[in-house]
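Me: Please take a close look at one buried glutamine side chain and what it reaches, and then set that part against the rest of the model. I would like one connected account rather than a list.

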Amino acid sequence: MTGPTTHDRAATGAGRRAEPLIVTEDAELLDDLLRLCAAAGAQAEVHHGPPERRAVWDAAPLVLVGDDAAARCRGAARRRGVLLVGRDQDDPDVWRRAVEIGADSVLRLPDAESWLVDRIADVVEGVGRQALTVGVIGGRGGAGASTLACALAVAAARGGRRTMLVDGDPLGGGLDVLLGGERERGLRWPDFAASQGRVAGAALEESLPSLHGLRLLSWDRSDTVAVPPEAMRSVLAAARRCGGVVVVDLPRRVDDATVEALAQLDMGLLVVPGELRAVAAAKRVAAMAGMVLDDLRLVVRGPYAAGVDEAWIARVLDLPLAGEVPVEPRLLASLDGGAPPGASASGPLGRFCAAFWDRAFAGEARA
């Protein structure tokens, strides 16, 4: 067994987080692996063979064994998180070598670069269960989707859940305004517009304004009215990796960025007022969203037109009913006074949202 090379990037001392371990003598492959580690926000400890101290091998969250070093690793202790990495796409013996060292997977560069960056970043960030991600869409303009999205996020945070609220509607006026935080310091969507690669979850969370116990990604007052779909994908993926709850307020139009957001939802809520024109408009929105989202549910908001109720709307839209948003007469006055939607745990909207999360997480536990 050999000691660290001069490429050693180790951070294994007391108080330092564990980093990936690279085992290879192939200089070109080593450069590639160090580059991918850097892209994932990680440093790495490098050895030519299994480390002399078994504790280093056992403690690494991920071990990247170069194809050239497989034979030298045959006697190393079996463990999870070992990946055999090389470049030869046509090597017929690669799987035999992978079995000999107990590798979880065989990766071939450059094809597997994106996957490997994600895997490295996941283990370095200590990713556990991803956030339960819920999107809210208005069946028509003024349906109250933004109000419900804010109330759901406020209720989740009040319940002790790690919560991020994402404003996916650039023409909605800004959820920071609705939450009374337009002057709070922190990054907004235009700051992430150029994001294409992986965004670190912890860095994203720490960069956003903190309001009412949650983190908010909203819009600024600039002329930016869209983000590229790649930015939406990378930012939402980072938000989900933080765990807890992510609530996304979505626009009614379905563009490329909205499709990326819909693809990452665990559940969508379509908010529909109890009137005929709203139901007609919502049918079109549901059809578009349903092309991407598997789990779309109905939330109905009164008052109702004559002959219309929540059960009838659910039948017409052919959607499962998630609930009926209660009328809260003092809501507008509360908003004008600076309180966010659902601020009162004992109010109708606060109770509705708390009950929604109880059901949602009970369903996750049974799944």
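Reply: The side chain of Q264 reaches the backbone nitrogen of A237 at 3.3 Å, and that same side chain also reaches the backbone oxygen of R233, at 3.0 Å. These values, like everything that follows, come from a predicted model. Q264 lies in the loop between α9, residues 256-263, and β11, residues 267-273. With a relative accessibility of 12%, which is under the 20% limit, Q264 counts as buried. When residues up to four places away in sequence are set aside, Q264 touches T133, M232, R233, L236, A237 and R240. Two of these, R233 and A237, are thus residues whose backbone atoms the side chain of Q264 reaches, the oxygen in R233 and the nitrogen in A237.

A comparable arrangement, a side chain that reaches a backbone oxygen, is found at R215, where the side chain reaches the backbone oxygen of E205 at 3.3 Å. R215 belongs to strand β9, which covers residues 214-217, and its relative accessible area of 24% makes R215 partly exposed. Leaving aside neighbours within four places in sequence, R215 is in contact with T163, M164, L165, E205, E206, L208, P209 and S210. G186 is separated from R215 by 29 residues in sequence, with 9.8 Å between their C-alpha atoms. In the loop between β8, residues 210-211, and β9 is H212, which has a positive phi of about 55° although it is not a glycine. At a relative accessible area of 38%, H212 is partly exposed.

D318 likewise has a positive phi of about 55° without being a glycine. The place of D318 is the loop between α11 and β13, the latter running over residues 321-325, and with a relative accessibility of 68% D318 counts as exposed. Helix α11 itself, residues 310-317, packs with helix α10, residues 276-290, at an angle of about 30° and with the axes 10 Å apart. Because angles under 35 degrees count as roughly parallel, α10 and α11 are described in that way. Their crossing is right-handed. From α10, the residues L276, V279, A282 and K283 meet W312, I313, V316 and L317 of α11; by class, this contact has seven nonpolar residues, no polar ones and one charged residue. On the other side of α11 in sequence, P303 is placed in the loop between β12, residues 296-301, and α11, and the peptide bond from G302 to P303 is cis, with omega near 0°.

Another cis peptide bond leads from L109 to P110, with omega near 10°, and P110 is placed in the loop between β5, residues 105-108, and α4. Helix α4 packs with helix α1, residues 27-39: the two axes come within 8 Å and cross at roughly 55°. That angle makes α1 oblique to α4, and α1 passes α4 in a right-handed crossing. The contact is made by L33, R35, L36, C37 and A39 of α1 together with E113, L116, V117 and I120 of α4, and these residues divide into seven nonpolar, no polar and two charged. D118 also lies in α4, which spans residues 113-125, and with a relative accessibility of 33% D118 counts as partly exposed. D118 and R351 are 233 residues apart in sequence, and their C-alpha atoms are 38 Å apart in space.

As for the setting of these parts, the protein has 13 helices and 13 strands, and its C-alpha atoms fill a box of roughly 80 × 40 × 40 Å along the principal axes. Of its 367 residues, 49% are buried, and Q264 counts as buried too. Among contacts between residues at least 6 apart in sequence, 71% join residues at least 24 apart.

Notes:
Residues numbered from 1 in each chain as written. Predicted model: local features only at pLDDT ≥ 70, side-chain atom pairs only at ≥ 80, totals over all residues. Heavy atoms only, no water. Axes fitted to C-alpha atoms, helices over the stretch in contact; angles between N-to-C directions. Helix = DSSP H or I, 4+ residues; strand = E, 2+ residues; numbered from the N terminus. Parallel < 35°, antiparallel > 145°, perpendicular 65-115°, else oblique. Left-handed = near helix turned anticlockwise from the far one by under 90°. Contact = heavy atoms within 4.5 Å. Nonpolar A, V, L, I, M, F, W, Y, C, P; charged D, E, K, R; others polar. Buried < 20%, exposed > 50% of the residue type's maximum accessible area, 1.4 Å probe, protein only. Polar contact = N/O pair within 3.5 Å; in protein donor to acceptor, adjacent residues only side chain to side chain.
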